[in-house]
Amino acid sequence: MADTIIQSTGRRKTSVARVTMKPGSGNILVNGKNLEDYFDFETLRIIAKSPLTLTENENDFDIKVNVNGGGYNGQAGAIRHAIARALLEVNPDYRQALKRAGFLTRDPRKKERYKAGQKKARKSSQFSKR
């Protein structure tokens, strides 16, 4: 595994994250910024790093992430998905733990589209029988 570069893709809502992972000291760059600078909230940082924490690889890999689309919450979920998929290529034995934690499942939920003639996606005007 010396100097091997692993690439993977993760998605959530409308966010797409492309991850390049190589052995290193645990630096995570998101769109050219440190993870701490990119995500203002600690919870989003925890979500993005959770596969590394679960498999105890927090300081073993340098990770570069290119993420776009959606909001910060969707982007953090996409990064989590991509890192989990990359860790599978490093060691297939991680599959059971990552699968049980739900990190390998792509979250398909998206915002429902607006329907014509209604106020919002589901909200409509009050029905009058007479």
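Among contacts in the chain between residues at least 6 apart in sequence, what percentage join residues at least 24 apart? In this predicted model, the figure is 69%.

The secondary structure of the chain consists of four helices and five strands, arranged from the N terminus in the order β-β-β-β-α-α-β-α-α. The radius of gyration of the chain is 18 Å, whereas the globule rule gives 14 Å for 130 residues; the former is well over the latter, and the chain is therefore more spread out than a compact globule. The C-alpha trace spans about 75 × 30 × 20 Å along the principal axes of the chain.

The five strands assemble into an open sheet of mixed pairing, with the order S1-S2-S5-S3-S4. Strand S1 (6–12) and strand S4 (33–34) occupy the edges; each has a single partner strand, so one side of each lacks a neighbour in the sheet. Within the sheet, strand S3 (residues 28–30) and strand S5 (residues 61–68) run parallel and are joined by three bridges. Val 30 is positioned opposite Val 65 in S5. Helix H3 (residues 72–90) lies across four strands of this sheet, namely S1, S2 (15–23), S3 and S5. The direction of H3 is at about 145° to that of S1.

With regard to solvent accessibility, 35% of the 130 residues in the chain are buried, that is, under 20% relative accessible area. The exposed surface of the chain amounts to about 8700 Å², of which 47% is supplied by carbon and sulfur atoms.

Terms used. Residues are numbered from 1 along each chain as its sequence is written. This is a predicted model: local features need pLDDT of at least 70, side-chain atom pairs count only at pLDDT 80 or more; totals for chains, interfaces and linings use all residues. Side-chain values use heavy atoms; hydrogens and water are left out. Two strands pair if DSSP finds at least two bridges between them. Helices (H or I, at least four residues) and strands (E, at least two) are DSSP runs, numbered from the N terminus. Contact means heavy atoms within 4.5 Å. Axes are lines fitted to C-alpha atoms, for helices over the stretch in contact, and angles run from 0 to 180 degrees between N-to-C directions. The radius of gyration is taken over C-alpha atoms; the globule rule is 2.2 Å times the number of residues to the power 0.38. Buried means under 20% relative accessible area, exposed over 50%, partly exposed in between (1.4 Å probe, protein chains only). Accessible areas come from the Shrake-Rupley method with a 1.4 Å probe; for residues, only the protein chains shown count as cover.
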